[in-house]
Amino acid sequence: MADESYRIAFIDAVVRTGVPPSNPLYFAGSPAPMRYYYFWYVMCAAVVKLAHVTARQAYIASCIWAGFGLIVTVKLYVTHFFRWERKQRWIALGLLLVSGAGIVPALGNAVLQPALNGDIEWWSVDPIDAWPDSLLWVPHHVASVVCCLLVFLFVWRTLEPLSRSAKRWAVVLAALGCASALGLSVYVAFGFALLVIAWLLRLLIQRHPQRKDLWLRTLSVAALSAAILAPFLWELSGALHHTEAAAANGPTANHLFIISIRRMIDSGLLTDLPALAALNQAHPILLDQTIRLLLLLPGLAMELGLYGAVLVLLLLARRRREPAMMQKYGARDTAMFFTIAGLVMTMFISSSVISNNDFGYRAVMLPQFFLLLLAADVLGSWWVAGGVPVIANTPGRRRWVHSLLALGVAGFFYGAFLLRAWLPMEVARPQNGFSELPEDSYQVREAFAALDSVAPRNAVVNFDPIDRTVGQQTEVMTPDEYFQRMLVMDTGRQMLNAERICATHFGGNPSECAPIQKATVQLYDFPAPSAQWARDYCSRFGSQYLLVSHRDPAWESKDGWPATLPVVAQEPGLKILQCNK
């Protein structure tokens with residue numbers, strides 16, 4: 001219901017407005033083309049059209065499609081990259097369900113916090129999500145990772161003695177994969193580009209025998225993919241042009257990326273201490289970045305768990321120059337490079353378009369994939385009969401690795417339980433404010449179903465956007481914010497302004513944001529303005545329908561617009577009213 005609501009709205013926007021879609025979250029007098037990586041939503045919208053299903057159903061199915069793609073990619077890598085035996089391949093597939101050691105801090109949060117967070121990964125500010133979590137939350141980013149990994153595999157296979165025709169086809173397929181990856185996730189594609197450049201520079205320094213051919217093929221892939229993507233790149237250039245203008249109307253930045261230490265554990269736990277108050281006031285950024293650096297390794301240990309232990313053991317084996325770790329240019333050596341380079345990249349580069357570090361969240365899946373393969377490499381060499389251990393299989397190492405493996409399996413089951421049981425558990429604790437959400441969800445669906453019978457799909461709907469900081473304590477999302485996401489998910493139409501800060505980062509003229517914000521605050525305040533004032537508001541901003549709920553101050557008004565405008569859908573705690581024809 002959280003980020004998924006936005007993705008469902010984007011799919012619906014493609015169905016309603018075509019390609020490129022309009023930004024469904026912001027309407028400044030006319031529809032604005034969406035400045036976003038929307039390829040995944042186009043695929044989902046095609047399914048909506050062809051299979052006659054809803055946008056929500058298509059999105060749920062897309063999580064499964066991305067999962068199939070990830071499984072197939074693991075199979076391709078264990079077959080054509082590492083070239084393992086069959087039993088070892090099953091180990092790699094099984095590890096997709098094994099998380100890090102996040103269950104430890106997550107259980108701590110469940111005990112110590114008054115409100116339970118709805119996802120096991122939310123103990124961390126900048127988490128490294130387990131694969132099942134990524135599939136449920138961001139299938140389009142996972143699909144981009146799959147495309148990037150296939151691109152690299154195509155290029156990797158050209159190192160083998162293939163025919164010229166086969167190598168040319170590999171370049172063409174890699175270019176298509178690059179183009180798809182960028183349209184699915186700019187962040188993943190950018191991270192992949194940085195890693196490939198670093199890999200090629202490493203081969204150049206090491207004087208790899210095929211370094212020139214690899215450079216030429218990679219440049220050919222980049223040029224061809226840029227030609228394929230030319231229209232989409234032109235759209236993205238508009239997004240870059242509007243970034244500075246949008247920054248004046250919300251917490252966006254003038255740069256897409258910044259150098260900043262990843263905040264695995266909340267640095268505010270220490271920077272807010274009274275002993276550091278003077279330093280925090282004099283040098284807040286320096287103190288914050290220093291605390292982040294000190295907490296980085298403990299945070300990584302919790303996030304990676306088993307995989308972090310495997311990485312440490314492999315680094316120790318390389319330092320001791322053990323034979324299995326000294327195979328230059330091999331699959332294990334390359335996987336180690338991508339893992340270390342990718343982790344360093346995502347620990348010190350952040351995106352700054354919105355408050356969330358989307359680059360760190362998503363691009364880290366690239367080193368995460370190679371680290372999974374390395375873990376399967378080590379465990380397979382220990383478990384499969386006749387295998388040569390990659391690293392020495394001592395009793396102490398076995399206990400350490402197997403304990404973390406058990407924690408990772410427990411984390412998977414706890415995460416699955418939490419996703420299903422979180423809301424019923426919170427409903428049982430009315431003091432946390434979540435108890436009304438189930439009834440609210442039903443009423444929102446029923447109200448918009450009634451609106452569907454009388455309103456055209458191109459109508460513009462407005463509701464009071466939520467200020468997520470109001471009433472927020474320890475929970476990641478407040479009850480009011482969950483309610484706002486319900487509205488985003490179920491509106492099925494253009495929204496005037498779905499976010500308090502105006503979602504101009506997805507497209508639209510930011511100069512209209514301030515007037516919309518100011519008028520909307522007045523519209524939903526108590527006492528509510530008159531019906532004529534509301535009609536003037538709708539005429540000014542191009543809205544046809546207003547939604548008001550029991551969560552809005554205007555709901556209590558007995559003679560304002562919520563009580564006098566024509567009602568087109570009504571539930572005990574919610575109304576949709578017509579304000580403009």
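Analyst: A salt bridge is a side-chain nitrogen of Lys or Arg within 4 Å of a carboxyl oxygen of Asp or Glu. The model here is predicted, so to speak of a local feature takes pLDDT of at least 70 and a side-chain atom pair takes pLDDT 80 or more, while totals for chains, interfaces and linings use all residues. Residues are numbered from 1 along each chain as its sequence is written, and side-chain values use heavy atoms, without hydrogens and water.

User: Thanks! How many salt bridges does a search of the whole structure find?

Analyst: Side chains of opposite charge can pair when their charged atoms come close. Searching the whole structure for such pairs gives a total of 20.

User: Let's look at the pair of arginine 83 and glutamate 160: how many residues apart in sequence are the parts that it ties together?

Analyst: The two side chains meet with N and O 2.4 Å apart. Arginine 83 sits in the loop between helix 3 (55-80) and helix 4 (86-94), and glutamate 160 in the loop between helix 7 (139-157) and helix 8 (164-184), so their salt bridge joins parts separated in sequence by 77 residues. Helices here are DSSP runs (H or I, at least four residues) and strands are runs of E (at least two), numbered from the N terminus.

User: Is arginine 83 buried, partly exposed or exposed?

Analyst: The classes rest on relative accessible area (buried under 20%, exposed over 50%, partly exposed in between; 1.4 Å probe, protein chains only). Arginine 83 has 47%, so it counts as partly exposed.

User: And which residue makes a salt bridge with aspartate 266?

Analyst: Aspartate 266 is partly exposed, at 31% relative accessible area. Its partner is partly exposed too, with a value of 26% for arginine 263. The N-to-O distance is 3.3 Å in the salt bridge between aspartate 266 and arginine 263.

User: How many helical turns separate arginine 485 and glutamate 481?

Analyst: Arginine 485 and glutamate 481 form a salt bridge, with their closest N and O atoms 3.1 Å apart. Both residues lie in helix 21 (residues 479-490), four residues from each other, so the separation is about one helical turn.

User: Are those two buried or exposed, and which residues are linked with them in a network?

Analyst: Arginine 485 and glutamate 481 are both buried. The network of salt bridges that holds Glu481 and Arg485 also includes Asp3 and Arg7.

User: On to the empty spaces. What is the volume of the largest cavity?

Analyst: On a 1 Å grid over the protein atoms alone, a cavity is a set of points where a 1.4 Å probe fits but cannot get out, and lining residues have an atom within 4 Å of a point. Grid points are joined across faces, edges and corners, and a volume is the space filled by probe spheres set on the points. The whole structure has eight cavities of 30 Å³ or more, and the largest holds about 180 Å³.

User: Which helices each supply at least two residues of the lining of the largest cavity?

Analyst: The largest cavity encloses about 180 Å³. Its lining has 17 residues, with Ser99, Gly100, Glu303, Tyr307 and Gln368 closest to the centre. The helices that each supply at least two lining residues are helix 14 (284-304) and helix 18 (365-383).

User: Which element gives the largest share of the lining of the second largest cavity?

Analyst: The second largest cavity has a volume of about 70 Å³. Its lining counts 13 residues, and closest to the centre are Ala106, Asn109, Leu116, Asn117 and Asp119. Helix 5 (103-112) and helix 19 (395-427) give two or more residues each, and the largest share, three residues, comes from helix 5.

User: Now the backbone. Which residue does a cis peptide bond join to phenylalanine 526?

Analyst: Most residues other than glycine have a negative phi, and most peptide bonds are trans. One cis bond joins valine 19 and proline 20, with omega about -5°, and proline 20 is in the loop between helix 1 (3-17) and helix 2 (39-51). In the loop between helix 22 (513-523) and helix 23 (531-541) lies proline 527. With omega about 0°, phenylalanine 526 is joined in cis to proline 527.

User: Last one: histidine 52 and cysteine 502 each have a positive phi, so is cysteine 502 buried or exposed?

Analyst: Histidine 52, in the loop between helix 2 and helix 3, has a phi of about 55° and is exposed at 72% relative accessible area. Cysteine 502, with a phi of about 75°, lies in the loop between strand 4 (494-495) and helix 22. At 2% relative accessibility, cysteine 502 is buried.

Technical notes
1 Å grid on protein atoms, 1.4 Å probe; cavity = no way out; pocket = protein on both sides within 12 Å on 5 of 7 lines; lining within 4 Å.
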